[in-house]
Amino acid sequence: MDFAIFLVQLLNGLQYGLLLFLIASGLTLVFGVMGILNLAHGSMYMVGAYLAWYFTLHTDSFLLGALLSAVIALALGIVIEKTLICRLYKRNHLDQVLLTIGMIFVFNALQSLLWGNDSLGVDVPELLSGSIQLTELVAYPVYRLFVAVLCLVLAAGLYLLINRTRLGMLIRAGESNREMVECLGIDINRLYTIVFGAGVMLAALAGVISAPIASIVPGMGEHVLITCFVVVVIGGMGSIKGAFVAALMVGIVDTFASVLFPAVSSMVVYILMAVILLIKPQGLFSN
Amino acid sequence: MIFTNKTEQLFVWIFFPLALLLPLFLEQNVFYINKLTTVLIFAIFVMSLDYLVGRCGLITLGHSMFYGLGGYLFFMIAPEYEAVNFWVYTFYICVIAAVIALLVGVIVLRTSGIYMIMITLAIAQMCFYFFSDSIHFGGNDGLFILMKPDTSLFGLAFFDLDNPIHFYYFCLLSLFNCLAFWKLVLASRFGRIMDAVKNNPDRTTALGYNVFLFRLISYVMASALASYAGYLFALQYGYVNPSMMSWQTSGSALVMSILGGMGSIYGAILGTAVYSGLHYIFEHMTEHWLLPMGLMIIAMVMVFKSGIAGFIENWVERRK
């Protein structure tokens, strides 16, 4: 492997890892703050991708489509939390598993009802459709760089939100002691709605920005869900910092494994997770 | 009488006679007999998961690995062009699965809760990709059984594996035996210690019991029976494929078990029957059967707080 190819794979790995972080951060936030195990999180990624396709087709603008999709996803998250999830806080994890599996079924059905089962694609927006020449022979598409940068910006934003704002303080407080937060006169249910809505929006946003580089197919949500669970568990459930490190790790390991050992590439991520859990049974950054 | 609970007795007295009589009405219809047999086989699998999750508190999302292994193990150890003895190979498969479960159990039981869910999933996924990527085991398409085993015992052939009605009754008997087995386990001293382990592991440790060992034994038993179910499934249709090991198989088994009433053991049969029945009905109504199925699952979580078994038990209690 010469240096240019190595560089391209490294960039691919980083970009994939950052995208995984965007999805996994919502998952880990919802689990850490609300104690909800949301198996339908992958479906939100799928919904984001399909919405982006739909709106881009009808508005002729990827940016407008992306914004509309994000707003709709946020609304969807709030509605789901207000109607279904809010009834399950006092129930055990197994009921949450059952409910969210039911939601996966519904979203998959709606997807095939509304948009069919064909593989769809979104064109890369014109402004970002070029590529950068790394060496004489190897070029790297601008859009992938844009995805990586956007994810980094969002990650930084999330970091600032959680560590520097009042809302972030409440989120951290809710994570460590929810009764105490309620005793201090904070409406914890509203906090939960915000967190869940934000989690859904992050997943859908990941779906939106990956729409031009990934094919939009039925079942894309489940695959991403499992990978994100791997990320969240490696990082330590509920830890955003852990999710960030783990997502980059999984992204790079997965990308290099499919280049270096194509025969066993699908297993490598799971082997990584098993090894890490054997050394640190609670993940890398558990609280 | 091992069936101590009133509702459970009622269920056993209604379900098993009904299941015994059903083929009489369906004599001509092999399709339905086969469908029902599959439900019975899957109920054996779900029951083992129900014991593990509901009675031991060991939540696994990788149980399908053993279900799939039950089928694949047969290919690994049986000669391709020779009919082997059913009973001997049943024994072999259960023992090998138990040994694998012992090794896996030593690793996964180090963790607990959500981490155990994930590590069992990881190991099952590794196994899934191993079989679906391998050339020797037919990859994604799976493998066909060329010679079905011969079922004679001491020179007497009780039943024929190729006769759907024989096989139906054999699976029904297996299911009843499994139900009785789990009830016996739970009624024994071992079962009561297992209850203690589930409710308060620390206190049980303080009382001088080796919690890890009890969990390991439970894990091995449940995995061996899951493999037995997978083996029966492979024999029924004469093929195995990696989707038996997929996480969706584990997921749907978990749904059936929760639906039936986690930890009630007989609820596993109810859950499997109701889920499979609804699946069948919706699938025939619309190609988008996932929609009514998903809505039904959501509604059931909201209505039944402890599954169908819990719902019926409450109802029986109230009528007293």
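This report describes the nonpolar core, the contact between two chains, two helices and two loop residues of a predicted model.

**Core**

The largest nonpolar core of the model contains 192 residues. Ile23(A), Val230(A), Val231(A) and Ala229(B) are the residues with the most contacts inside this core. For Val231(A), leaving aside residues up to four places away in sequence, the residues touched are Leu20(A), Ala24(A), Ala243(A), Ala246(A), Ala247(A) and Val250(A).

**Contact between chains A and B**

On the chain B side, 30 residues are in contact with 33 residues of chain A. Three helices of chain B, namely α5 (113-133), α10 (247-260) and α12 (290-303), each supply at least two residues of the side that touches chain A. The largest share, eleven residues, comes from α5(B). By class, this side of chain B is made up of 23 nonpolar, five polar and two charged residues.

**Helices α10 and α11 of chain B**

Two packed helices are described by the angle between their axes and the distance between the axes. For α10(B) and α11(B) (residues 266-285), the angle is about 115 degrees and the axes are 7 Å apart. Their crossing is right-handed. From α10(B), the contact uses Val255(B), Met256(B), Ser257(B), Leu259(B) and Gly260(B). From α11(B), the residues include Gly267(B), Ala268(B), Leu270(B) and Gly271(B). Seven residues of this contact are nonpolar, five are polar and none is charged.

**Helix α6 of chain A**

Which residues of α6(A) (residues 166-176) are buried? They are Leu170(A), Ile171(A), Gly174(A) and Glu175(A). Seen down the helix axis, these buried residues fall within an arc of 140 degrees, so they line one face of α6(A). The face turned away from the buried side carries the exposed residues Arg166(A), Met169(A) and Ser176(A). The cover over the buried residues of α6(A) includes α1 (3-34), α5 (142-164), α7 (178-183) and α8 (188-210) of chain A.

**Two loop residues with positive phi**

Asp60(A) has a positive phi and is not a glycine; Ile265(B) likewise has a positive phi without being a glycine. The table sets out each residue.

| Residue | Phi | Loop | Other C-beta atoms within 10 Å |
|---|---|---|---|
| Asp60(A) | near 60 degrees | between α2 (41-59) and α3 (62-83) of chain A | 9 |
| Ile265(B) | about 60 degrees | between α10 and α11 of chain B | 27 |

Asp60(A) is exposed, because 9 other C-beta atoms lie within 10 Å and the cut-off for exposed is 12 or fewer. Ile265(B) is buried, because 27 lie within 10 Å and buried requires 20 or more.

How values were computed. Residues numbered from 1 in each chain as written. Chains lettered and ligands numbered in written order. Predicted model: local features only at pLDDT ≥ 70, side-chain atom pairs only at ≥ 80, totals over all residues. Core = buried A, V, L, I, M, F, W, Y, C linked by C-beta atoms within 7 Å. Contact = placed C-beta atoms within 7 Å. Helix = DSSP H or I, 4+ residues; strand = E, 2+ residues; numbered from the N terminus. Nonpolar A, V, L, I, M, F, W, Y, C, P; charged D, E, K, R; others polar. Axes fitted to C-alpha atoms, helices over the stretch in contact; angles between N-to-C directions. Left-handed = near helix turned anticlockwise from the far one by under 90°. Arc of directions from axis to C-beta.
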